[in-house]
Amino acid sequence: MSQAAPSTFDPLRFFELRFASHGTRLGIGYRDHGPDWAELELPYREDMIGDPASGVLASGPILALMDMATAVSVWLRAGAFVPQATLDLRIDYLRPATPGRAVIGRGECYRLTRSIAFVRGQAHDGDPDDPIAHVAGTFMATEGYR
């Protein structure tokens, strides 16, 4: 597939359901989306601080945010919720998140094959031109994307 399919997957509804998941536990919420991208938000919370001296969020919740943002972008491009597994998700941290600020993650599915989705994205805390991290990775559909 080279272009996004008309989507029956509604990410806003998906996040309104708030089923038990690590994303729910972390408080990850929906912000916006397009045909092949999704933007989610991780709120700043003291129980997710990785360095108490500085108040900086731990890296794990940021990685979880980006995994979820890129996964949602795949479902949008595929046009439906598809069971899938993260094969690889590389994250490069560019700087620490600013204490007290929510982290915004935007994921994009830029290529979709019969069984593999290719994704990229970035996390920032208010200024997309000053990212916290970049990600690149792949997902595999357990039963195929189409």
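A residue counts as buried when its relative accessible area is under 20%, as exposed when that area is over 50%, and as partly exposed in between. With that cut-off in hand, we can start at E39: its relative accessibility is 14%, so E39 counts as buried. The structure you are looking at is a predicted model, and E39 is a good place from which to explore it.

E39 is found in strand β2. Setting aside neighbours within four places in sequence, E39 is in contact with Y30, R31, D32, I104, G105 and R106. Two of the names in that list, R31 and R106, come back when we turn to charges: R31, E39, E41 and R106 are linked in a network of salt bridges.

Let us follow that network to R106, which lies in strand β6, residues 103-112. While E39 is buried at 14% relative accessibility, R106 has a relative accessible area of 35% and is therefore partly exposed. Not counting residues up to four places away in sequence, R106 touches W37, A38 and E39, then M66 and A69, and finally R120, G121 and Q122. If you would like a backbone distance to go with these contacts, the C-alpha atoms of R106 and L40 are separated by 6.4 Å, although the two residues are 66 apart along the chain.

The last residue in that contact list, Q122, takes us on to strand β7, which covers residues 116-124. Beyond residues up to four places away in sequence, Q122 touches I104, G105 and R106, along with M66, P128, P131, A133 and H134. M66 thus appears among the contacts of R106 and also among those of Q122. For a longer view across the model, look from Q122 to L26: these residues are 96 apart along the chain, and their C-alpha atoms are separated by 18 Å.

Now let us step back to the salt bridges as a group. How many salt bridges does the structure hold? There are 11. One of them joins the side chains of D36 and R77, with 3.6 Å from N to O. D36 sits in the loop between β1 (29-33) and β2 (37-42), whereas R77 belongs to helix α3 (residues 59-78), so this pair ties together parts that are 41 residues apart in sequence. Both D36 and R77 are buried.

Two further pairs make a useful comparison with D36 and R77. The side chains of R45 and D47 meet in a salt bridge at 2.9 Å, N to O. R45 has a relative accessibility of 22% and so counts as partly exposed, and D47, at 48%, is partly exposed as well. In the other pair, R90 forms a salt bridge with D92, and the closest N and O atoms are 2.8 Å apart. Here R90 is exposed, because its relative accessible area is 52%, while D92, at 31%, is partly exposed.

Helix α3 deserves another look, this time at V74, which has its place there. Is V74 buried or exposed? Its relative accessible area is 0%, so V74 is buried. Leaving aside neighbours within four places in sequence, V74 is in contact with Q84, C109, L112, A117, V119, F139 and Y145. In addition, the C-alpha atoms of V74 and T138 are separated by 9.7 Å, with their positions 64 residues apart along the chain.

With these local views in mind, we can turn to the whole fold. The protein chain has three helices and eight strands, and from the N terminus on its elements run α-α-β-β-β-β-α-β-β-β-β. Among contacts between residues at least 6 apart in sequence, 64% join residues at least 24 apart.

What about overall dimensions? The C-alpha trace spans about 50 × 30 × 25 Å along its principal axes. A compact globule of 146 residues would have a radius of gyration near 15 Å, and the protein chain, at 15 Å, agrees with that. Of the 146 residues, 44% count as buried.

Finally, consider the surface and the charges. The protein chain exposes about 7300 Å², and carbon and sulfur atoms supply 52% of that area. There are 14 positive and 18 negative side chains, and the centres of the two sets lie 6 Å apart.

Definitions and conventions: Residues are numbered from 1 along each chain as its sequence is written. This is a predicted model: local features need pLDDT of at least 70, side-chain atom pairs count only at pLDDT 80 or more; totals for chains, interfaces and linings use all residues. Side-chain values use heavy atoms; hydrogens and water are left out. A salt bridge is a side-chain nitrogen of Lys or Arg within 4 Å of a carboxyl oxygen of Asp or Glu. Helices (H or I, at least four residues) and strands (E, at least two) are DSSP runs, numbered from the N terminus. Buried means under 20% relative accessible area, exposed over 50%, partly exposed in between (1.4 Å probe, protein chains only). Contact means heavy atoms within 4.5 Å. The radius of gyration is taken over C-alpha atoms; the globule rule is 2.2 Å times the number of residues to the power 0.38. Accessible areas come from the Shrake-Rupley method with a 1.4 Å probe; for residues, only the protein chains shown count as cover. Lys and Arg count as positive and Asp and Glu as negative; His and the chain ends are not counted. The place of a charge is taken as NZ of Lys, CZ of Arg, CG of Asp or CD of Glu.
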